[in-house]
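Biologist: I've got the sequence and the fold open side by side. Can you walk me through what's going on inside?

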Amino acid sequence: MAEAATCPWVHDEYERAYHDEEWGRPLHDDQKLFEMLVLEGMQAGLTWNLILKRRAGMRQAFAGFNPVQMATWGDEEKAALLANPAIIRNRAKVNAAVGNAAAFLQVQKEFGSFDAYIWGFVDGVPVQNSWDTGAQIPTSTPAAEAMSRDLKKRGFRFVGPTICYAFMQAAGMVNDHLTSCAHHTICRALATGQ
């Protein structure tokens, strides 16, 4: 039986599982949104494949990406993270992840949920793109730039426009599956409820 058409960046079982089960699917769970934000920040300068391979280790090290717990961490916990070979051991990224937890909690307090805040950048409705080739997919958009500016204003780090756009793709705020990919239609249906 032939495999269904997929996006060209899928090369191994980690990427296939992520592509088929998560990427482009509308995500509204605050803790999972926080996990994606941390992972996208960790990916800066690295491959997404490496992040997927370290994801289980990072989930364990970062207390399941629990922002309430992470926001209380100080120098001792950060030192333990930097000594943990299961994660991305970059001091700036670890500091940002911990600091972003506190900023995340402030957004939840102000908006009722991070979901309500972050989905506001697309007016609560996933953007449905229709790309035929990977070369057409942008690395940023005006919405990602606005998100980046606002997140930075709120104290978040490692949230540049490119990271924000990758986050939007991951959280299903945009559907960037190629039109030839079977998941383009699946994600469109999930977004429209059809």
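Biologist: Let's start with the empty space. How much space lies in the largest cavity?

Modeller: Keep in mind that this is a predicted model. The count comes to one cavity of 30 Å³ or more. The space in the largest cavity is about 50 Å³.

Biologist: Which elements give two or more residues to the lining of that largest cavity?

Modeller: Residues lining the largest cavity include Leu37, Val38, Lys93, Ala96, Arg157 and Phe158. By class, the lining has six nonpolar, two polar and two charged residues. The elements that give two or more residues to it are helix 2 (30-43) and helix 6 (91-111).

Biologist: Now the pocket. Which helix gives the most to the lining of the largest pocket?

Modeller: The largest pocket has a volume of about 520 Å³. Of its 22 lining residues, Trp9, Trp23, Trp48, Ala166 and Gln169 are the closest to the centre. Helix 1, helix 2, helix 3 (48-61) and helix 9 (161-170) each supply at least two lining residues. The one that gives the most, with five residues, is helix 9.

Biologist: And how do the residues of that pocket lining divide into nonpolar, polar and charged?

Modeller: Tryptophans turn up among the residues closest to the pocket centre, namely Trp9, Trp23 and Trp48, and Trp counts as nonpolar. Gln169 is also among the closest. The whole lining divides into twelve nonpolar, seven polar and three charged.

Biologist: On to the aromatics. Why is the pair of Phe34 and Phe104 called tilted?

Modeller: A search of the whole structure finds eleven aromatic pairs. Here the ring centres of Phe34 and Phe104 are 4.9 Å apart. Planes under 30 degrees apart would count as stacked and over 60 as edge-to-face. The planes of Phe34 and Phe104 are at 55°, so the pair is tilted.

Biologist: How many residues apart are Phe34 and Phe104?

Modeller: Phe34 is buried, with a relative accessible area of 0%, and Phe104 is buried with 0% as well. Phe34 sits in helix 2 and Phe104 in helix 6. Their pair links distant parts of the chain, 70 residues apart.

Biologist: What about Phe114 and Tyr117: what separates them along helix 7?

Modeller: Phe114 and Tyr117 form a tilted aromatic pair, 5.7 Å centre to centre with 55° between the planes. Phe114 is buried at 0% relative accessible area, and Tyr117 counts as buried at 5%. Because they are three residues apart in helix 7 (residues 114-118), what separates them is about one helical turn.

Biologist: Which residues do ring pairs link into a cluster?

Modeller: We've already met four members, Phe34 and Phe104 as one pair and Phe114 and Tyr117 as another. Ring pairs link the full set: Phe34, Phe104, Phe111, Phe114, Tyr117, Phe121 and Phe156.

Biologist: Last stop, helix 5. Which elements do its buried residues pack against?

Modeller: The buried residues of helix 5 (residues 75-82) are Lys78, Leu81 and Leu82. Seen down the axis, they fall within an arc of 95°, so they line one face of the helix. What they pack against is helix 3 and helix 6.

Biologist: And helix 10: what do its buried residues pack against?

Modeller: In helix 10 (residues 182-192), the buried ones are His183, His184 and Cys187. They cover an arc of only 110° around the axis, which puts them on the same side of helix 10. They pack against helix 1 (13-21), strand 1 (127-128) and strand 2 (174-175).

Definitions and conventions
Residues numbered from 1 in each chain as written. Predicted model: local features only at pLDDT ≥ 70, side-chain atom pairs only at ≥ 80, totals over all residues. Heavy atoms only, no water. Buried < 20%, exposed > 50% of the residue type's maximum accessible area, 1.4 Å probe, protein only. Helix = DSSP H or I, 4+ residues; strand = E, 2+ residues; numbered from the N terminus. Arc of directions from axis to C-beta. Contact = heavy atoms within 4.5 Å. 1 Å grid on protein atoms, 1.4 Å probe; cavity = no way out; pocket = protein on both sides within 12 Å on 5 of 7 lines; lining within 4 Å. Points joined across faces, edges and corners; volume = space filled by probe spheres on them. Phe/Tyr/Trp six-rings, centres within 6.5 Å; stacked < 30°, edge-to-face > 60°.
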